[in-house]
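Student: Could you take me on a close look at one part of this model, the place where the metal sits? I'd like to see what holds it and what lies around it.

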Amino acid sequence: MTQSKNKKLNAWVKKCAELCKPDKIVWIDGSEKQKHQLEKEACKAGEIIELNQKQMPGCFYHRTALNDVARTEKLTLICTSKKRDAGPTNHWMLPKDAYAKARAIFKGSMKGHTMYVIPFSMGPVGSPFSKIGVELTDSIYVVLNMLIMTRAGQEVLDVLGKDGEFTKCLHGKADLDIDKRWIMHFPEDNTIWSVGSGYGGNVLLGKKCLSLRIGSYLAAKENWMAEHMLIMGIEDPYGNIEYIAAAFPSACGKTNLAMLVPPDGLKAKGYRIWTVGDDIAWMKMDVDGRLWAVNPENGFFGVAPGTNSKTNPNAVASVKKNSIFTNVLLKKDGTVWWEGGDGDIPEEGTDWKGNAWRPGMLDEEGKMVHGAHPNARFTAPLKQCPTVSNRVNQPHGVPISAIIFGGRRARLAPLVFESLNWQHGVYVGATMASERTAAQYGKQGEIRRDPMAMLPFCGYNMGDYFKHWLKMGKKMKQAPKIFHVNWFKQDKDGNFIWPGFGDNLRVLEWVIARCKGKGKAKKTPIGYVPTADALDLTGLDIDPKTMQQLLHVDKKEWKKELENIGEFFKKFGKDLPKEIKEEYNALQRRIEQ
Ligand code: OXD
Ligand code: MN
């Protein structure tokens, strides 16, 4: 039985059901009653575990398959009729080959299972920013996560109406076999097919798949921007709120920045932070010639390890109830823990793999056994964040004063600099990079270029994406100013020299001052850098020499950086916009002067 008035939707659901052969089809209406019923069912089937409801009301626990704990970039495809349109940074497959490959895996894969139909809206329901998607899935875990991360249910079908457009999102767990796992995007068909995975980033199709990959493709066609950015409001002592959007590569602290707590020294000034979003921004020029942004999501899908009352008290508060915990440590009392979390290290528990765990346990290779997987996640409703902005449901979003790019650089990039203008700012975004540290990702100092933090998320040719950025800047009467930050500078011994976290507000204060034509700066070859006395360091114990180091621009290092950038740009060939080449040459000239 169909529950939609949209003939196209009904026909597509029928076609997918004929392929996957579920025993039953259930439409998600968004009601509490249906949600509770599904929670019960998933607990009974062992798909989720009910946590201690006294201490963590409405919270559940889930383990993924052992080989299914993160996004799989190699298996993530952009399927366009021309290879050129996917560009040099994406994995590509011809749509007909991709459909055939996935169809063979989907075929009959839902026999004995239920197929859930989730109508969802990315962005406030009915907002001119918003896009509707419908996800079909055989996973209740996916349904419960989508109910947190998106606005889902009957109200979305009502807005979709008889002939509204929607992104067709098909997900199936199939055998959770890594050799039969694909995350396929068909931008020309407004379609996403994800099969063989149960990990959030691969299966909550509203997030990276729709809001970024399909979103960026639609944005270029429709003159808006879909970006991997947090959105936050900074309220000054007089009650004025300025909004900024910031892009950092995955796992560089976007969630922490979006929920920042002002440091004591600045608190006296009366600053307040308002969280609009921690991962994705959809931005559009309004009639005032400014860029306005909404967070298309309705929840947080954040990394748990390292999150505690010191690093991010607002995230800790956000996950107190109605949240889902994936791949963390399950404690005896039915609560959860993770490395770098609050409280004493538990004496025992069940680790993310489902094995008995004790602190200090070593594996066969003598390595420490983690209780939680390093990419363990919490899924929590946006509205539970104590600093949530009262504008998150506003259909027009918030006006953006500054765009901030950032990376993890032990040397090179100063704490903050302002680009010379929009075009130079686009160059700064296009040359963003993060270093891997020995402790984390392998070879120390190895640089991964990640333009605008969109490398894994741009749904089309990245050369065209740079062109789109340049075009948007030309259209705006009052484009946001573009900055670059680096919270991760290190001394010779590898110690971080900037405290980060709440103290990052000191940098944001300067950013906002610059947007208002204030804030002291000196011009350097790479852009405007704060003068030694420009940042308010009240209450921060940092010596002038360290500040100098943080703000230093070393021409020799930048010359080396240019070589690396030149290599990276080669892969774009003639698709690299001439303006970006101009900026490269101009920077080279300024450095050599
Ligand atoms: C990411 C995420 O991988 O947000 O960027 O999960
Ligand atoms: Mn992200």
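Tutor: Sure, let's start right at the metal. In this predicted model, the manganese ion (ligand 2) gets its protein donors from Lys208 (through NZ), His228 (through NE2) and Asp279 (through OD), lying 2.2 Å from it. Along the chain, those donor residues follow the spacing K-x19-H-x50-D. Have a look at where two of them sit: lysine 208 belongs to helix H8 (residues 206–222), while aspartate 279 is in the loop between E15 and strand E16 (281–285), so this pair ties together parts that are 71 residues apart in sequence. Lysine 208 and aspartate 279 are also both buried.

Now bring in ligand 1. Which residues surround ligand 1? You'll find Arg71, Lys208, His228, Ser250, Asp279, Arg377 and Phe457 there, and you've already met Lys208, His228 and Asp279 as donors to the manganese ion. Sort the shell around ligand 1 by character and you get four charged residues, two polar and one nonpolar.

Zoom in on the oxygen atoms of ligand 1. One of them is 2.6 Å from an N or O atom in the side chain of serine 250. Arginine 377 has a polar side-chain atom 3.0 Å from an oxygen atom of ligand 1, and for aspartate 279 that distance is 3.2 Å. How much of ligand 1 does the protein cover? Taken on its own, ligand 1 has 210 Å² of accessible area, and the protein covers 89% of that.

Let's follow arginine 377 outwards from here. Strand E24 covers residues 377–381, and it runs antiparallel to strand E19 (residues 324–326), with three bridges joining the two. One pairing you can pick out is isoleucine 324, whose bridge partner in E24 is threonine 379. Both strands belong to an open sheet of five, in the order E2-E3-E19-E24-E18, with mixed pairing. At the edges of that sheet are strand E2 (49–50) and strand E18 (299–303), each pairing on one side only.

Next, go back to the donor His228 and move on to strand E13 (residues 229–235). Is E13 buried or exposed? Seven of its seven residues are buried, so E13 is largely enclosed by the rest of the structure. You can check this face by face: Met229, Ile231, Gly233 and Glu235 are on one side, Leu230, Met232 and Ile234 are on the other, and all are buried.

E13 has pairing partners too. With strand E14 (residues 241–247), E13 pairs in the antiparallel sense over seven bridges, and there isoleucine 234 stands opposite glutamate 242. The hairpin of E13 and E14 has five residues between the strands, and in it glycine 239 takes a positive phi near 90°. E13 also pairs with strand E15 (residues 272–277), again antiparallel, over five bridges. This time, look for glycine 233, standing opposite tryptophan 274 in E15.

And that takes us round to the metal again. The loop between E15 and strand E16 is where aspartate 279 lies, and this residue plays two parts in the picture: its OD is a donor to the manganese ion, and a polar atom of its side chain lies 3.2 Å from an oxygen atom of ligand 1.

Conventions. Residues are numbered from 1 along each chain as its sequence is written. Chains are lettered from A and ligands numbered from 1 in the order in which they are written. This is a predicted model: local features need pLDDT of at least 70, side-chain atom pairs count only at pLDDT 80 or more; totals for chains, interfaces and linings use all residues. Side-chain values use heavy atoms; hydrogens and water are left out. A residue is near a molecule or strand if one of its heavy atoms lies within 4 Å of it. A polar contact is a pair of N or O atoms within 3.5 Å; within protein, one must be able to donate a hydrogen and the other to accept it, and residues adjacent in sequence count only if both atoms are side-chain atoms. Accessible areas come from the Shrake-Rupley method with a 1.4 Å probe; for residues, only the protein chains shown count as cover. Ala, Val, Leu, Ile, Met, Phe, Trp, Tyr, Cys and Pro count as nonpolar, Asp, Glu, Lys and Arg as charged, and the others, Gly among them, as polar. Two strands pair if DSSP finds at least two bridges between them. Helices (H or I, at least four residues) and strands (E, at least two) are DSSP runs, numbered from the N terminus. Buried means under 20% relative accessible area, exposed over 50%, partly exposed in between (1.4 Å probe, protein chains only). Donors are N, O and S atoms within 2.8 Å of the metal (3.2 Å for Na, K and Ca); water is not among the atoms, so sites may look incomplete.
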